[in-house]
Amino acid sequence: MADVRITPSLLNADFARIAEEAARIPSADFLHMDVMDNHFVPNLTLGAPVIESLARSAAQPIDAHLMIEDPDRWGPAFVEAGASSVTFHVEAAHAPVRLARELRAKGARASMALKPATPIEPYADLLPELDMVLVMTVEPGFGGQKFLDLCLPKIRRTRELLDKVGGDIWLQVDGGVSVETIERCAEAGADTFVAGSAVFGADDPGAMVETLRAQAAACRH
C-alpha cells in the first residue's frame, strides 16, 4: 500500500487538543492543515504559528494547504514553520513556477491546488515543477461538504497528464472523501487522500485511516 497515502484534515479535529488529536492517527502519512485567510475563502482558521507548534510535537509530517491570497508572499514561511509539503492554489498564485521552486529550495514538497471549476489543462506545462497536484472535490473553505462527482473526470485527466510527465508526482483529492467516495477517487487515479470528518467523526480515527487506505489500495491494483 506504499503508493496510497491518507492525510487526515485536522480542520475537523478538536483545535483545543490538536496535538492529542494527531496522536490518535499514528498511521497517517501526513497531517493535513487547512490554512484559510477569510479572503480567498470565506473562513478563517490557523496560521504558521500553530503549524510551528504542532511540528515540534507531532510524529507525522505536515501538509499545509494554503487557501489564502498571495501565497507567493506567505508560502515560504510555512516551510520555515515546519511544513514538509506546502500546497498553494493556482487561482491565487501570481508566479506559480517561481513559488514552487522556492518551496522546493527550502526543502518542502511543492503542490498546486485547483478549485472544482478550474481545469488542469492550462497548467500542464507546470507539472514537472511540482511534487503533487491537489484536485478539490468540494468548494474550498469549509469542512464536511458533500463530495462533487463532477470532479471525477478532472481527476482522470490529471492522472493522464501526470503519467505523460512521468516521475513521482502525487495526485491528491480533498473534499467529502469517505468510505463511500474514496474508491471512486482511487479508480480515477488519485493516490493521496484528504479525509476530515470521515476520520475525526469516527469512533476510532486511527482505525478509519487504515480502512480508507485499504479501500483505496484495493482500487489501485
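This note goes through the sheet of the predicted model, two helices that lie across it, and the surroundings of one lysine.

1. The sheet is open and is formed by eight strands, which follow one another in the order E1-E8-E7-E6-E5-E4-E3-E2 with parallel pairing. Because strand E1 (5-6) and strand E2 (31-36) stand at the edges and each has a single partner strand, one side of each is left without a neighbour in the sheet.

2. Within this sheet, strand E3, which covers residues 62-67, pairs with strand E4, residues 85-89, in the parallel sense and over four bridges. Leucine 66 is found opposite phenylalanine 88 of E4.

3. Two helices can be described against the strands they cross. Helix H3 (residues 71-80) lies across E2, E3 and E4, and runs at about 165 degrees to E4. Helix H5 (residues 152-165) lies across strands E5 (109-114), E6 (132-136) and E7 (170-174), and runs at about 165 degrees to E7.

4. Helix H5 contains lysine 154, a residue that deserves a separate look. Lysine 154 is buried and yet has no salt bridge, the nearest side chain of opposite charge being that of glutamate 91, at 6.5 Å.

5. Which backbone oxygens lie 2.7 Å from a polar atom of the lysine 154 side chain? One belongs to lysine 115, and another belongs to threonine 118.

6. When neighbours within four places in sequence are left aside, lysine 154 is in contact with Leu114, Lys115, Pro116, Ala117, Thr118, Pro119, Ile120 and Val135.

How values were computed: Residues are numbered from 1 along each chain as its sequence is written. This is a predicted model: local features need pLDDT of at least 70, side-chain atom pairs count only at pLDDT 80 or more; totals for chains, interfaces and linings use all residues. Side-chain values use heavy atoms; hydrogens and water are left out. Two strands pair if DSSP finds at least two bridges between them. Contact means heavy atoms within 4.5 Å. Axes are lines fitted to C-alpha atoms, for helices over the stretch in contact, and angles run from 0 to 180 degrees between N-to-C directions. Buried means under 20% relative accessible area, exposed over 50%, partly exposed in between (1.4 Å probe, protein chains only). Lys and Arg count as positive and Asp and Glu as negative; His and the chain ends are not counted. A salt bridge is a side-chain nitrogen of Lys or Arg within 4 Å of a carboxyl oxygen of Asp or Glu. A polar contact is a pair of N or O atoms within 3.5 Å; within protein, one must be able to donate a hydrogen and the other to accept it, and residues adjacent in sequence count only if both atoms are side-chain atoms.
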